[in-house]
Amino acid sequence: MISVIFKALGTTNSIRIDAAQDQVAAEEAIQRAEKRVLALHDKLSVFQPESELSLLNAAAGCNSIPVSEDTMFLLSESKRYSRLSRGAFSISTRVLSSLWSIHARCGTIPSRSEVEHALSLVSDEDIVLDEANQTAMLARFGQSVDLGAIAKGYAADEVRRILLEGGVTSALINLGGTVISIGESRYIGIQHPDRLTGIAMGRVSLRDRCAVTSGDYERYYEVDGVRYHHIVDPRTGYPSRADIRGVTLIGESALALDAISTAVFVLGAQQGLPLIQDAGAEAVFVTRSLDVFCTDGLRDQFELFSTKSI
Ligand code: ADP
Ligand code: MG
């Protein structure tokens, strides 16, 4: 068994190899995988002033900037998911996320006019990509993007690719809750939204697939008993008010699931279902009344522990 734990992409990441064709190749692979995630962090973090994404944001409305293949790919995939979700997934929501996080620090909520101003700057159609020249630009001054809703998915797919190329036959990848199990069935807990991290309402068995969760219980603050969490509805400018507390998607591509889970969290279970089906994914939903239900394809892999009263 070899494992690494490291911070990147705003979260704690772990990679554990349980079996491989060759021990030396597996050790090299795990090092390569960690380096790859750290390199993605350096390009994509909006908290590092020199990252490609920060440069893109700083040049909004002014000029285009050269971007790497990774950044170009993620920007173009994000635009695609924004269209597919009719804007529920929009990386340009960052203007709103920033507004809400400033208020979170003060324990206040933004005024209607602050929200409306930020809302007027949200449009993923304004992300202008020139694939031939490998440059990107945000069309309007004040616009800003972040890949927090999709980067971990892409990074997890990359880690899996690197491990498989290194002859790994059994492994568990966990990038801040974006999980891939290689080679063996492993259980993934469905977090209880109102209990300590690790207390699950049920579990799903996962093998050679990934699981991605979006929920309102990880990053949030409360004012006058109202919860404001970190996924913003780009149509209203307010933290999403869908009918679900959490959604876990199971499928092939972690990138696709990451984008779609964020969109479904905004759209709600019913409106989100076509996106899930089109991606060939399955889902477990936790509703506002703490009922748990899953799509038909998961019936044999999903186990409910008990009801809401845990
Ligand atoms: P987590 O990071 O908790 O796994 P998500 O994948 O759903 O959750 O991503 C949430 C992050 O994405 C937020 O912290 C913010 O940076 C960004 N974001 C918030 N709302 C949206 C949205 N509607 N579309 C795209 N990105 C968003
Ligand atoms: Mg996501």
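A polar contact is a pair of N or O atoms within 3.5 Å. Keep that cut-off in mind for the first stops on this tour of a predicted model.

Start by selecting A149 together with ligand 1. A backbone N or O atom of A149 is 3.3 Å from an oxygen atom of the ligand. Next, add A88, where a polar backbone atom sits 3.0 Å from a nitrogen atom of ligand 1. Then pick R219: an N or O atom in the side chain of R219 lies 3.0 Å from an oxygen atom of ligand 1. With the protein in place, 93% of the 570 Å² that ligand 1 exposes when taken alone is buried.

Now show the whole shell around ligand 1. There are 18 residues in it, and those that come nearest are D146, K152, H230, V232 and T262. Colour the shell by class to see six nonpolar, seven polar and five charged residues. Colour by domain as well: domain 1 (52-138) and domain 2 (185-304) both contribute to the shell, so ligand 1 lies between them.

Move on to ligand 2, the magnesium ion. Its protein donors are A149 (O), D258 (O), D258 (OD) and T262 (OG1), at 2.1 to 2.5 Å. Along the sequence, the donor residues follow the spacing A-x108-D-x3-T. A149 is in the loop between β5 (135-138) and α6 (151-165), and T262 is in helix α7 (residues 254-267), so this pair ties together parts 113 residues apart in sequence.

Last, select these two donor residues in turn. Is T262 buried or exposed? T262 is buried, at 11% relative accessible area. A149 counts as partly exposed, with 22% relative accessibility.

Definitions and conventions. Residues are numbered from 1 along each chain as its sequence is written. Chains are lettered from A and ligands numbered from 1 in the order in which they are written. This is a predicted model: local features need pLDDT of at least 70, side-chain atom pairs count only at pLDDT 80 or more; totals for chains, interfaces and linings use all residues. Side-chain values use heavy atoms; hydrogens and water are left out. A residue is near a molecule or strand if one of its heavy atoms lies within 4 Å of it. A polar contact is a pair of N or O atoms within 3.5 Å; within protein, one must be able to donate a hydrogen and the other to accept it, and residues adjacent in sequence count only if both atoms are side-chain atoms. Accessible areas come from the Shrake-Rupley method with a 1.4 Å probe; for residues, only the protein chains shown count as cover. Ala, Val, Leu, Ile, Met, Phe, Trp, Tyr, Cys and Pro count as nonpolar, Asp, Glu, Lys and Arg as charged, and the others, Gly among them, as polar. Domain bounds come from an automatic or database domain assignment. Donors are N, O and S atoms within 2.8 Å of the metal (3.2 Å for Na, K and Ca); water is not among the atoms, so sites may look incomplete. Helices (H or I, at least four residues) and strands (E, at least two) are DSSP runs, numbered from the N terminus. Buried means under 20% relative accessible area, exposed over 50%, partly exposed in between (1.4 Å probe, protein chains only).
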